[in-house]
Amino acid sequence: MMARALSLAERGAYTTRPNPMVGCVIARGDEVVGEGWHQRKGGPHAEVFALQAAGEQARGATAYVTLEPCAHTGNTGPCADALIAAGVSRVVAAMRDPFPQVDGAGFDRLHAAGVTVEHDLMQAQARRLNRGYLSRIERGRPWLRVKLATSIDGRTAMSNGDSKWISGDAARDDVQRWRARSGAILTGSGTVLADDPQLTVRFAQPTDFVAPLRVVLDPGLATIARGRIREGDAPTLYLHAPDVKVPKGLSAQHAAVPMRDGRLDLDAVLKLLAGQGVNEVQVEAGATLAGAFLSAGLVDELLLYVAPVLLGDRARPLFEGLSIDSMAQRLHLHIVETRRIGDDVRVLLQPENGA
């Protein structure tokens with residue numbers, strides 16, 4: 001039942017942010033009588049959809065929910081109250097919600113009403129599902145994923161910067177799904193000037209999603225008046241140095257970020273994005289910026305598309321600036337998942353000392 005609730009929750013991956021993905025299954029014994037998931041920010045929560053589907057059969061039933069039912073009034077009423085009013089006798093939750101206005105209050109309200117509460121069933125899977133939301137709430141910064149396409153000899157572009165295309169069509173289509181679940185897609189001014197990317201979600205088939213924020217780290221605002229990154233319906237945010245002269249009448253979103261060691265303070269960048277409700281950031285940039293995030297210990301996840309090609313030793317590496325001089329300094333990565341995507345292999349990794 002909980003596995004089904006987690007599967008339902010993931011259906012909201014492209015539309016719920018900054019809210020968490022939540023699924024709910026209501027069952028009487030082994031019989032499912034109602035199910036639902038949180039579909040969009042501002043809309044009904046998973047429990048409400050499941051209760052509507054169950055109707056009177058919810059009375060005396062068990063609700064399996066992937067996150068602690070809320071106990072506060074936001075855009076919708078408290079889900080704990082809805083479960084109590086429906087007569088649910090037992091609630092099994094995958095995990096507690098660390099959001100300050102919930103954080104145990106939902107469980108307490110259910111207990112007080114005589115509802116049996118159990119939690120931490122499939123907690124690891126539930127945390128993995130909502131790693132971005134939990135990162136923002138618990139750490140005060142988004143979950144950061146670096147996406148790179150590479151040859152099997154670890155090169156991401158030719159020496160002149162040409163990188164189109166290392167990976168195949170299937171891999172580039174797969175990237176769209178990862179973009180769609182991200183609250184922001186981040187790049188640097190160098191990538192904008194060299195590649196002129198759009199950084200938008202482009203699905204082959206009509207798919208409902210909320211367009212991610214496009215973020216450009218541009219200390220001197222060198223790209224403010226150029227590039228396809230300003231086009232389309234997706235919003236764009238330029239982050240620049242505090243002392244830069246901002247053009248009068250600039251309509252684009254922009255914000256100043258403190259400098260550190262000659263570049264924008266990456267910790268401050270992530271804190272700023274967390275303040276805007278961004279749960280997950282996908283970095284799509286060159287070796288310099290990717291290496292800066294990795295060196296700063298800010299990379300939570302590495303999304304690597306490995307193509308069966310060789311680019312040679314004059315081509316550009318995955319990361320620059322790591323300053324690894326001995327085997328003892330090598331960076332250990334944990335392989336989370338590998339999957340064949342067309343002719344390429346997608347490898348999902350996490351630094352072993354990461355979250």
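Biologist: Which residue in strand 18 stands opposite leucine 304?

Modeller: In this predicted model, strand 15 (residues 301-307) and strand 18 run antiparallel and are joined by five bridges. Within strand 18, leucine 303 has leucine 348 as its bridge partner. The residue opposite leucine 304 is valine 347.

Biologist: Which residue stands opposite leucine 304 of strand 15 on the side of strand 6?

Modeller: Strand 6 (143-151) runs parallel to strand 15, and seven bridges join the two. Strands of a sheet pair through backbone hydrogen bonds, either parallel or antiparallel. Opposite leucine 304 stands leucine 148.

Biologist: How many of the seven residues of strand 15 are buried?

Modeller: Strand 15 lies between strand 6 and strand 18 in the sheet order 11-10-9-8-14-6-15-18-17. Helix 6 (residues 131-139) lies across strand 6, strand 14 (280-283) and strand 15. Strand 15 is largely enclosed by the rest of the structure, because the number of its residues that are buried is six.

Biologist: Which strands form the edges of the open sheet?

Modeller: The sheet is open, with nine strands and mixed pairing, in the order 11-10-9-8-14-6-15-18-17. An edge strand here pairs on one side only. The twist from one strand to the next averages 25°. The edges are strand 11 (253-256) and strand 17 (333-341).

Biologist: What angle does the direction of helix 7 make with that of strand 15?

Modeller: Helix 6 runs at about 135° to strand 6. Helix 7 (residues 169-180) packs on the sheet, where its contacts include strand 8 (184-188), strand 17 and strand 18. Helix 7 also touches strand 15, and the angle between their directions is about 165°.

Biologist: Is arginine 346 buried or exposed?

Modeller: Arginine 346 belongs to strand 18 (residues 344-351). Among the residues it touches are Trp178, Leu303, Leu304 and Tyr305. Because its relative accessibility is 6%, under the 20% limit, arginine 346 counts as buried.

Biologist: With which side chains does the side chain of arginine 346 make polar contacts?

Modeller: The residues touched by arginine 346 include Asp174, Glu337, Thr338, Arg339 and Ile341. A polar contact requires a pair of N or O atoms within 3.5 Å. One such pair, at 2.7 Å, involves glutamate 337. The other, at 2.9 Å, involves aspartate 174.

Biologist: Which residues of helix 10 are buried?

Modeller: Helix 10 (residues 287-295) is mostly covered, with seven of its nine residues buried. Just after this helix, glycine 297 adopts a positive phi of about 70°. The buried residues of helix 10 are Ala287, Leu289, Ala290, Gly291, Ala292, Phe293 and Leu294.

Biologist: How much area do domain 1 and domain 2 bury between them?

Modeller: The domain assignment gives domain 1 as 1-129 and domain 2 as 142-351. Their centres, taken over C-alpha atoms, are separated by 34 Å. The contact takes ten residues from domain 1 and 19 residues from domain 2. Carbon and sulfur atoms account for 42% of the buried area, which totals about 1000 Å².

Biologist: Which three residues supply more than any other three of the area that domain 1 buries against domain 2?

Modeller: The size of an interface is often given as the accessible area lost when the parts come together. On the side of domain 1, three residues supply 64% of the area buried against domain 2. These residues are Tyr14, Arg17 and Arg128.

How values were computed: Residues are numbered from 1 along each chain as its sequence is written. This is a predicted model: local features need pLDDT of at least 70, side-chain atom pairs count only at pLDDT 80 or more; totals for chains, interfaces and linings use all residues. Side-chain values use heavy atoms; hydrogens and water are left out. Helices (H or I, at least four residues) and strands (E, at least two) are DSSP runs, numbered from the N terminus. Buried means under 20% relative accessible area, exposed over 50%, partly exposed in between (1.4 Å probe, protein chains only). A polar contact is a pair of N or O atoms within 3.5 Å; within protein, one must be able to donate a hydrogen and the other to accept it, and residues adjacent in sequence count only if both atoms are side-chain atoms. Contact means heavy atoms within 4.5 Å. Two strands pair if DSSP finds at least two bridges between them. Axes are lines fitted to C-alpha atoms, for helices over the stretch in contact, and angles run from 0 to 180 degrees between N-to-C directions. Domain bounds come from an automatic or database domain assignment. Buried area is the accessible area (1.4 Å probe) that two parts lose on being put together, summed over both. Lists of a residue's contacts leave out its neighbours within four places in sequence.
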